[in-house]
2 protein chains.
Amino acid sequence: MKMSDRKKKILQIVVDEYINTAVPVSSKSIAEKHLTDVSSATVRNELASLEELGYLTQFHTSGGRVPSPQAYRFYIEELMEKGNLSEKDLDYIERAFSGKSNDVEHLVKSVSKVISELTDYTSVGIGPHADEERIKNIALLSCGDGNALLVIVTGMRILRDSFIEIPESMTDEELENASKVIAKLFEGKALSEIKEVEDEVLAEFGQYRQVMHEVIDALKSYTRPRDEDVVLSGAEKIFNHPEYDDIDNVKNFLTVISSKDKLAEIIGDDNDEIQINVKIGSCDDKEVPEDCSVVTATYSAGGKNLGTYGVIGPIRMDYHKVITVLENVGKALEGIVGSKKKETDNKDGKDKDE
Amino acid sequence: MKMSDRKKKILQIVVDEYINTAVPVSSKSIAEKHLTDVSSATVRNELASLEELGYLTQFHTSGGRVPSPQAYRFYIEELMEKGNLSEKDLDYIERAFSGKSNDVEHLVKSVSKVISELTDYTSVGIGPHADEERIKNIALLSCGDGNALLVIVTGMRILRDSFIEIPESMTDEELENASKVIAKLFEGKALSEIKEVEDEVLAEFGQYRQVMHEVIDALKSYTRPRDEDVVLSGAEKIFNHPEYDDIDNVKNFLTVISSKDKLAEIIGDDNDEIQINVKIGSCDDKEVPEDCSVVTATYSAGGKNLGTYGVIGPIRMDYHKVITVLENVGKALEGIVGSKKKETDNKDGKDKDE
DNA sequence: GTTAGCACTTATGAGGTGAGAGTGCTAACA
DNA sequence: TGTTAGCACTCTCACCTCATAAGTGCTAAC
């Protein structure tokens, strides 16, 4: 069966209406409010046929129709009317990101918060993979009790490990020297390259091979994603949506969002090439809880990955709003981080003397 | 009216029973299960009198009785039977804290997790005030783009700030020297003492006064409590308790626990001298949400504050279990951190050369 | 292809009922 | 004076019924 224009129009009305009201929509209301030139009976015929095509479902015979996941997908891809945010919202984004430092933790938190505030849904953010970050500085700081703190600074991110054990015989001065050597060795390297230079580096450290081993292990550990990189914002926002008047839904939802692992899984395996990715519960992705929808975007600026951010909420989500917010936040980030990047590059150019 | 022994006994039965079953307890069940030597009518008379004293309330005439907050308080102070944890639980605690590093973030997280797992309630932890921490090491690490990272290491805690701006004219070498001078200046000082030495320190830095200003500001900022210090564990655990089958209660609860500020307020203003502190919703503390109860303990080891930890849940809480867990975790921490402290002290002694 | 009309289905809410649980009170008893 | 049996009273809860409203599917006519 072909999708006539009228079918599309009606489907769009159903989805729009349902997103706004959360009430199953009836043929009568469509005919009265939106398609005044035909009768409810005609609409009814169209609805029946849309149902046959898999776009609509009914809870019970007399309950109006509700869009299926397939309908949402079609809506997002073809039907949704484009439009931008209000001045107020754009302003909010602008102000939120002005004067932010280049610390990745702050960035992830504030991006996540902005998205949650503007969309009125719970938002999740996960920082960029550390793999490709290049080491800017690295130091071993003595703690005076047989331990040293390993600090690693990269372009967008400060990493640190718990303490590293150092031999009792190692003096503060030796530690300092080791620190300098290590800094020289690793400066400019990406974390993903550590493995490749491992053997070479170890060879240089005859006496303090063990310390170096620990340092390398710590560095390698940062290429794995960490719980701390996952940020949640606006968990309480789900209560603003009537599907979460039901305790079981809340339970389900809360169980998922209280596990950073699960969140990371849901958000994480995005295809980087898709700018906006929509996963609808159970049908697209078995990690996404049933009855939930996840919309994510992976941001980057100046060729640098800035992490993946998104919104998690009911399938009946205001996709238009959410997608528009995600797009605009992306643009804003690109602008701000992009301009910062430029400054940095210039300075780097000046400073560099190799 | 005086509290006869029998009244106490009956009150204890009511509280115990209600904590276990969450069902209002009736005179009949008390007479049948616990006080077989008197009739339900007698119990009824006692219950009526306990109600008059303010220890019990009824939702409706035929609904059995429920303990009032006052009853819980009395129960905790006088009636509750003491007893220790099972071997299994003690083992769990033991294992959880073995091999932990002295990084405060890890500590707070794992303590909070252990408490939540063992009590089956949501747990909150807040790290120790940084005020009294003594600086062990401090460094400025160049990031190569007009910024430097300030890293501060203290005994129990690693602090770090976002980047600090440094003058363009400052070379890496100068920065390194400044870093060394700063380390010497502040080593051994408590964060709370920064203010006192501020002027003196600034005087030493003719050329790079501005950098020093930023460093001092950053240091001072750490004496204020920060959101990041508050940790939440087992939020989903509330669903294991029937009072949270009600959506409004869940909403209330979730709204509170998703704000780190609110959590800090609830947990934070403990009197340090009280080992275990119980706050019952609205009657003890207006920060604690109504219908909620918060039990906290402030831990310390070797004279060092280790933070405040606790449990938040329904007023009908298993106080005995919770308090026992908190006590045992406290003891375990004291043992472990205490022994670590000793090691550290010895080494410090060796190393010190002033 | 569209429409009016009508029978059919189902949710929802009001109203009623009986069982069950628990209490308060009273009068009798030790 | 404390304890008890007995009984009337209150309140919840589950269950049923019933009327209503909303919405559909189908059919026959346009």
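**View 1. The lining of the largest cavity in the predicted model.** The residues that line the largest cavity divide into seven nonpolar and two polar, with no charged residue among them. This is a predicted model, and it holds one cavity of 30 Å³ or more. The space in the largest cavity comes to about 40 Å³, and its lining is made up of Val124(B), Leu263(B), Ile266(B), Ile267(B), Val294(B), Thr296(B), Gly310(B), Val311(B) and Ile312(B). At least two residues of this lining are supplied by each of three elements of chain B, namely helix 11 (260-268), strand 9 (292-301) and strand 10 (304-314).

**View 2. The second largest pocket and the residues around its centre.** The second largest pocket encloses about 440 Å³ of space. Its lining consists of 18 residues, of which Tyr18(B), Phe59(B), Val66(B), Glu243(B) and Asp291(B) are the closest to the centre of the pocket. Two elements of chain B, strand 2 (66-67) and helix 4 (69-79), give two or more residues each to the lining of the second largest pocket. Sorted by class, the lining of this pocket has 12 nonpolar residues, together with three polar and three charged ones.

**View 3. The protein surface near DNA strand C.** DNA strand C is surrounded by 20 residues, and the closest of them come from both chains: Arg6(A) and Thr42(A), together with Ser27(B), Thr61(B) and Arg65(B). Among the atoms of DNA strand C that come within 4 Å of the protein, 78% belong to sugar and phosphate. Helix 3 (residues 40-52) of chain A gives the most to this surface, with four residues, and by class the surface near DNA strand C has three nonpolar, 12 polar and five charged residues.

**View 4. Individual polar contacts to DNA strand C.** In chain A, a backbone N or O atom of Ser39(A) lies 3.0 Å from a phosphate oxygen of DNA strand C, while an N or O atom in the side chain of Thr61(A) is 3.3 Å from a sugar or linking oxygen of DNA strand C. In chain B, a backbone N or O atom of Ser62(B) lies 3.2 Å from a sugar or linking oxygen of DNA strand C.

**View 5. The protein surface near DNA strand D.** Around DNA strand D there are 20 residues, the closest being Ser27(A), Thr61(A), Arg65(A), Arg6(B) and Thr42(B). Sugar or phosphate accounts for 76% of the atoms of DNA strand D within 4 Å of the protein, and the rest of these atoms belong to bases. The largest share of the surface near DNA strand D is the four residues that come from helix 3 of chain B, and the classes on this surface are three nonpolar, 12 polar and five charged residues.

**View 6. Individual polar contacts to DNA strand D.** A phosphate oxygen of DNA strand D lies 3.0 Å from a backbone N or O atom of Ser39(B), and a phosphate oxygen of this strand is 2.4 Å from an N or O atom in the side chain of Thr42(B). A base oxygen of DNA strand D lies 3.1 Å from a polar side-chain atom of Ser62(B), whereas the backbone of Ser62(B) has an N or O atom 3.2 Å from a sugar or linking oxygen of DNA strand C.

**View 7. The aromatic pair of Tyr55(B) and Phe74(B).** Over all chains the structure holds eight aromatic pairs. In the pair shown here, the ring centres of Tyr55(B) and Phe74(B) are 5.5 Å apart and their planes stand at 50 degrees, so the pair is tilted. The two residues are 19 residues apart and link distant parts of the chain, with Tyr55(B) in the loop between helix 3 (40-52) and strand 1 (56-57) of chain B, and Phe74(B) in helix 4 of chain B. Tyr55(B) and Phe74(B) are both buried.

**View 8. Ser142(A) and Asn45(A), a buried and an exposed residue of chain A.** Ser142(A) belongs to strand 4 (residues 135-142) of chain A, and because its relative accessible area is 13%, Ser142(A) is buried. The side chains of Ser142(A) and Asp172(A) are joined by a polar contact of 3.4 Å. Asn45(A) is found in helix 3 of chain A, and it counts as exposed because its relative accessibility is 57%. The C-alpha atoms of Asn45(A) and Ile194(A) are separated by 65 Å, with these positions 149 residues apart along the chain.

Technical notes:
Residues are numbered from 1 along each chain as its sequence is written. Chains are lettered from A and ligands numbered from 1 in the order in which they are written. This is a predicted model: local features need pLDDT of at least 70, side-chain atom pairs count only at pLDDT 80 or more; totals for chains, interfaces and linings use all residues. Side-chain values use heavy atoms; hydrogens and water are left out. On a 1 Å grid over the protein atoms alone, a cavity is a set of points where a 1.4 Å probe fits but cannot get out, and a pocket is an open set with protein on both sides within 12 Å along at least five of seven lines; lining residues have an atom within 4 Å of a point. Grid points are joined across faces, edges and corners, and a volume is the space filled by probe spheres set on the points. Ala, Val, Leu, Ile, Met, Phe, Trp, Tyr, Cys and Pro count as nonpolar, Asp, Glu, Lys and Arg as charged, and the others, Gly among them, as polar. A residue is near a molecule or strand if one of its heavy atoms lies within 4 Å of it. A polar contact is a pair of N or O atoms within 3.5 Å; within protein, one must be able to donate a hydrogen and the other to accept it, and residues adjacent in sequence count only if both atoms are side-chain atoms. Rings of Phe, Tyr and Trp (its six-membered ring) pair if their centres lie within 6.5 Å; planes under 30 degrees apart count as stacked, over 60 as edge-to-face and the rest as tilted. Buried means under 20% relative accessible area, exposed over 50%, partly exposed in between (1.4 Å probe, protein chains only).
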